[in-house]
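Please open the model in your viewer and keep the selection panel at hand. The stops below go from single side chains to the meeting of two domains.

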Amino acid sequence: MTEKKEVILTKEKLEKLEDELEYLKTKKRPEMAEKIKIARSFGDLSENADYDEAKNEQGEVESRIMKIEDMIRNAKTIEVDENSDTVGVGNTVCLYDEEFEEDVEYKIVGTAESNPLEGYISNESPVGEAIIGHKINDRVEVETPNGKMYFVIKNIK
């Protein structure tokens with residue numbers, strides 16, 4: 001049996017996942033069962049698009065439930081040290097991007113929470129991995145698929 005990879009989550013994300021799981025199990029699952037029951041009443045299942053759609057939706061809901069349960073089971077919640085002077089998972093970091101000559105702000109999260117378009121980058125991403133453990137005013141080199149980038153850490157929250 002393979003060992004499951006630990007899922008790094010903030011306390012807020014873990015709570016959101018628990019809420020979503022509760023909703024899916026108590027509201028969405030019964031809703032899907034009712035949809036299937038109604039679709040069955042329409043007759044011949046071999047040509048029943050409503051039935052096929054309801055079964056597909058049910059499969060998606062069950063898949064999401066299993067994924068969330070797996071994430072929660074393997075979750076490691078992180079505690080953010082508000083007074084830390086080094087970058088770690090859970091910190092929001094203001095960086096000066098030397099190439100574009102602008103400030104960028106990222107929250108360092110686990111891969112399950114990563115959403116770069118909203119400023120949440122994974123601790124396993126090139127930028128996240130490169131800045132973890134560094135301090136304010138450190139100049140950090142980041143190896144990316146498009147070449148090297150350089151950032152200066154301006155602030156850690």
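Throughout this tour, contact means heavy atoms within 4.5 Å. Bear in mind from the start that this is a predicted model.

**First stop: K28**

Select K28, which lies in helix α1, and display whatever surrounds its side chain. Which residues does K28 touch, once those up to four places away in sequence are set aside? The answer to look for is Y23, E57 and V61. Is K28 buried or exposed? With a relative accessible area of 18%, K28 is buried, because the cut-off for that class is under 20%.

**Second stop: E20**

Now move the selection to E20, a residue that also belongs to helix α1, the helix formed by residues 11-40. At 28% relative accessibility E20 counts as partly exposed, so a surface display should leave part of this residue accessible. Leaving out residues up to four places away in sequence, E20 touches R64 and I68. Add R64 to the selection and draw the distance between the two side chains, since they make a polar contact at 2.9 Å. Then select the C-alpha atoms of E20 and I65, which are 8.7 Å from each other although their positions lie 45 residues apart along the chain.

**Third stop: the two domains**

Colour the chain by its domain assignment, with residues 7-78 as domain 1 and residues 86-156 as domain 2. Taken over C-alpha atoms, the centres of domain 1 and domain 2 are separated by 34 Å. Where the two meet, 7 residues of domain 1 are in contact with 7 residues of domain 2. Between them the domains bury about 540 Å², and 69% of that area is on carbon and sulfur atoms. On the side of domain 1, select I8, T10 and I78, the residues that lose the most area to domain 2 and that together make up 68% of what this side buries.

**Last stop: the side of domain 1 that touches domain 2**

How many salt bridges are counted between domain 1 and domain 2? The count is 0, while 1 residue pair, with both members at pLDDT 80 or more, is in polar contact between the domains. Select strand β1, residues 7-10, which contributes 4 residues, the largest share of the side of domain 1 that touches domain 2. Colouring that side by residue class should bring up 5 nonpolar, 1 polar and 1 charged residues.

Technical notes
Residues numbered from 1 in each chain as written. Predicted model: local features only at pLDDT ≥ 70, side-chain atom pairs only at ≥ 80, totals over all residues. Heavy atoms only, no water. Domains from an automatic or database assignment. Buried area = accessible area lost by both parts, 1.4 Å probe. Salt bridge = Lys/Arg side-chain N within 4 Å of Asp/Glu carboxyl O. Polar contact = N/O pair within 3.5 Å; in protein donor to acceptor, adjacent residues only side chain to side chain. Helix = DSSP H or I, 4+ residues; strand = E, 2+ residues; numbered from the N terminus. Nonpolar A, V, L, I, M, F, W, Y, C, P; charged D, E, K, R; others polar. Buried < 20%, exposed > 50% of the residue type's maximum accessible area, 1.4 Å probe, protein only.
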